[in-house]
2 protein chains.
Amino acid sequence: VTPGPIPPLRLPAGLDTPALVIDLDVVEANAARMQAAMDTAGVALRPHAKTHKSVMLARLQLNAGARGITVGTTGEAEVMFRGGINDIFIAYPLWAVGSKADRLWDILDDVELRLRVGFDSIEGARRLREMMSSSARTLEVMLEVDPGNHRTGVPPERAGEIAAGAQALGLEVVGAFSHGGHSYAGPDKTAGAAADELGALTTAAAAMRAEGIEPRVLSAGSTPTALGIARAPVTEVRPGTYLLGDRTQVALGGSPPHGVAVAVAATVVSTSMPGQVVIDAGAKSLTKDIQPYLRGFGSLPAYPAAVIERLSDYHGVVRIPEGTRAPELGEVVAVAPNHVCPVVDLFDRFVATRAGETVGDPPVDARGRSG
Amino acid sequence: VTPGPIPPLRLPAGLDTPALVIDLDVVEANAARMQAAMDTAGVALRPHAKTHKSVMLARLQLNAGARGITVGTTGEAEVMFRGGINDIFIAYPLWAVGSKADRLWDILDDVELRLRVGFDSIEGARRLREMMSSSARTLEVMLEVDPGNHRTGVPPERAGEIAAGAQALGLEVVGAFSHGGHSYAGPDKTAGAAADELGALTTAAAAMRAEGIEPRVLSAGSTPTALGIARAPVTEVRPGTYLLGDRTQVALGGSPPHGVAVAVAATVVSTSMPGQVVIDAGAKSLTKDIQPYLRGFGSLPAYPAAVIERLSDYHGVVRIPEGTRAPELGEVVAVAPNHVCPVVDLFDRFVATRAGETVGDPPVDARGRSG
């Protein structure tokens, strides 16, 4: 089934472009829809905050019923914790040495915080244990297993042995996690990737039990696989992009077309070349993220035939096929991004809207906190 | 001639990764080399600050002999002006309305500032004139002409007519500029692109003179074409990337291999998959900028066979071909970026080094100022 077109996001008048615009009504609907699906499945939702990097949007997810949040970096954990969020999972195989370990330790020291940290090697676990050496607390860790994404994570059948090794070091292994990132290969891959995650976590759980370790948490996740993996033995799911949506998610079925809550507002600054217009959103606003199943570096939902064909830092060259409508010089257009996560990371603030009117300009609190 | 390998940047010990590292000794050598070439050619150097976005590095260029600086956005102009730099050219067809016009006006109001602004349409010129309507000052503008890059700019033969139109509105047309961005198509395209820029500016100057407008400034530029265009009738050249260097410039001959002054320092966080290692620099640190003539999303100069094959937000998957050396788990490696400009824009600060030792951590002052 080919998804329908993404509706153009309604933009407030008078924007200083390029601007990141997020429609909070759509965001709330996305949050409620995913939460309802997880509640029905009886699985905890722990959304990935790397998509929005916003304390306000993380709180919105928690208020909608999320169990806690997921982050990818120590910097995101620091920002979210200081923003008052106290149940955080760093779903990343951290190498905790030097100032990175000091920073992690600084927030771990707070008794209010439940922080879980990922690992995928005994060597990594040893660094985490050394970081905790002066503490009476134990650190809750989650072992990453590879469901076929072939990025990070141990083979599921080795999960027992490695979890036992970490336990022996003095860490508390609370469970295992996976990321079915191979779902991004195309719309025909998402169902298989979800099945792979279920299989990997089932195998990992059995291997851990064989070593006498009961996995309390089996955490899976990516937005395209979120619905497919929300079943036993999985206990928690970690989608991120579902909250804002983007062209990739729509193509993969991870977001309905009307679930795209975000746009980069851009002004047409040049129409000097025939057959094209140039907007003031380039690679530093849209990123060069592409997918084989998407055309161009973003789309203009109000001009469905237009193709964003080339990006330089501050220019987006938009081809206007002959006989199709083009935006005018000076017109402000909404661009639907290919992949929202790195786009949000380029902006210090976003324009929050409801029904096309500005209601605030909250900070992208964890912008640039990539380590 | 295939350029030699990029030497690995010397990294200080104890970096918290990912980190942007810039070797100031190499930067100074790059600044001096380009300045000497322009001095010999008798052409003014006006470096593009969008590459580094740093007031400190812009001052370094001015101290080395640059005439002024170039920027791409109003935000960069604001930051550089407030940093004490008072000769700035916004080489962009600004659409000066609303708060963008207000912001530009705020800095234009300063008598110490020489600000020039680009335009490529009478409509754009009209907005600039309206912005100036309450001022006794005239605004110096530069007409963009297209040298075959087919992005922005008017056809050179129309430069006279459009310059005369802007002059009639009450703007002061001081000259014309071009950007030979088609030089980036490959190493065999740079000489042709430089010739195109010279031809376009020669034609534009003749067309302007035919309308009674003497172009005082003919400004050309891109790093790959910089040396080729430094001759009459061109009066100023605007390269940016030469200061920091990157893989693209080395491939195009715009930077010698030892001129790459920048690296993203990254830690190997996972070695769980055979044949690869994973570093903590992903798309939010390296960008997905690629070129057909480059392999991977950056390179590891200390491990020349390694290929950065896949990026997710915080993971870089590095393939290690069989029989070649691999960095160890926990090792910190220097990554040479494909395209330095959007990479610098991801970091709030950089680690400044000399001879492999940290000498400071200056801000990337204009980071995120993309409009």
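Here is a short back-and-forth about a predicted model and how some of its features get their labels.

Me: What makes the two copies related as by a two-fold rotation axis?
Reply: Chain B lands on chain A with an RMSD of 0.0 Å after a turn of 180° and a shift of 0.0 Å along the axis. The copies are therefore related as by a two-fold.

Me: Which C-alpha of chain B is nearest that axis?
Reply: That's B:K288, with its C-alpha 2.8 Å from the axis.

Me: And how do you know that the same surface serves both copies?
Reply: Look at the contact residues of chain B: 100% of them recur in chain A. A contact here takes heavy atoms within 4.5 Å.

Me: Why is A:H150 called partly exposed?
Reply: Buried would need under 20% relative accessible area and exposed over 50%. A:H150 comes in at 44%, so it counts as partly exposed.

Me: What about B:H150, how does its relative accessible area place it?
Reply: B:H150 has 45%, so it's partly exposed too.

Me: What is odd about the phi of A:H150?
Reply: Phi is positive, about 55°, although A:H150 is not a glycine. You'll find A:H150 in the loop between β6 (140-144) and α6 (159-169) of chain A. For B:H150, phi is near 55°, again positive in a residue other than glycine.

Me: What is the omega of the peptide bond from A:A232 to A:P233?
Reply: Omega is near 5°, and the bond is cis. A:P233 sits in the loop between β8 (217-220) and β9 (236-237) of chain A. In chain B, a cis peptide bond joins B:A232 and B:P233, with omega about 5°.

Key. Residues are numbered from 1 along each chain as its sequence is written. Chains are lettered from A and ligands numbered from 1 in the order in which they are written. This is a predicted model: local features need pLDDT of at least 70, side-chain atom pairs count only at pLDDT 80 or more; totals for chains, interfaces and linings use all residues. Side-chain values use heavy atoms; hydrogens and water are left out. Copies are superposed by least squares on the C-alpha atoms of residues with pLDDT of at least 70 in both. Helices (H or I, at least four residues) and strands (E, at least two) are DSSP runs, numbered from the N terminus. Buried means under 20% relative accessible area, exposed over 50%, partly exposed in between (1.4 Å probe, protein chains only).
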